[in-house]
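Thank you all for coming; I would like to spend a few minutes on the aromatic rings of this structure, and then on one of its strands. Please have the sequence and the coordinates open while I talk.

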Amino acid sequence: MIPRTVFLLAFLIGVTGAVNADPLKDPLKDVVARINVERQKQKLSKLKINDKLTKAAQSQADWMASVGKMKHLRGQEAKSFEEWKKSDHHAVNRIINTGYIEWEEIFSFEVKDGNQVLLAKPGADDRAGEVIAHGVPESGPGRFQPAVIVAGWMNSPGHKKTILTAPYEEIGVGFTRTKRGDAFWCVTFGKPAGKKDK
């Protein structure tokens, strides 16, 4: 559902400057501002920061830092619907579990061959999305710089498509730095609960 295209910031070694002890001042808002610039270039609406989306994004950034890997999917896929509803396996799970949107707005059940099947409703991709990034220490200070991070996403077709999804209205950004110096970024996107396409 959500593009799994990922990228590593190792190719961004050309960025110069000293690495600060912490990311740039207000880097999360800077990411939002830069994403909104890219959207406005395409005459798309600016995204507003949402606390629940921010919670989902920060949760994923923290998790990626804890396992030392850049991944959209956490752990094993659930084996039952009840497990799935409680799971943080997928970005949509994490966004739903913050209370941002309801399960029934995204998914429906059908019975096939006597089994219940969970299906994404039409337009589900327009309700929730995620992009992630991981910068290793060897990639230089660019891994902490929103300008570099957003430029990397915009040069990746999968990330760019997510960022420029027209129906999105809100955004959340998460960032975690490990003791080793890795930088993990996550941005979540959404259309608020109860909102339907015109």
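Before I name any cluster, let me say that rings of Phe, Tyr and Trp, the last by its six-membered ring, are taken to pair if their centres lie within 6.5 Å. Please also keep in mind that this is a predicted model.

With that rule the count comes to four aromatic pairs. One of them is Trp103 with Phe107, a tilted pair whose centres are 5.2 Å apart and whose planes make an angle of 35°, and both Trp103 and Phe107 are buried.

Another pair is Phe144 with Phe175, which is edge-to-face because the planes stand at 65°, with 6.2 Å between the ring centres. This pair links distant parts of the chain, since Phe144 sits in the loop between β4 and α6 while Phe175 belongs to strand β5, 31 residues apart. Phe144 counts as buried because its relative accessibility is 4%, and Phe175, with a relative accessible area of 12%, is buried as well. Together with Trp185, Phe144 and Phe175 form one aromatic cluster.

Let me now turn to strand β4, residues 128-135, where eight of eight residues are buried. In a regular strand the side chains alternate between the two faces of the sheet. Here both faces are covered, with Ala128, Glu130, Ile132 and His134 on one side and Gly129, Val131, Ala133 and Gly135 on the other.

Finally, which way does β4 run relative to strand β6, parallel or antiparallel? The two are antiparallel and joined by eight bridges, and within this pairing Ala128 stands opposite Gly190 of β6.

Technical notes. Residues numbered from 1 in each chain as written. Predicted model: local features only at pLDDT ≥ 70, side-chain atom pairs only at ≥ 80, totals over all residues. Heavy atoms only, no water. Buried < 20%, exposed > 50% of the residue type's maximum accessible area, 1.4 Å probe, protein only. Helix = DSSP H or I, 4+ residues; strand = E, 2+ residues; numbered from the N terminus. Pairing = 2+ DSSP bridges. Phe/Tyr/Trp six-rings, centres within 6.5 Å; stacked < 30°, edge-to-face > 60°.
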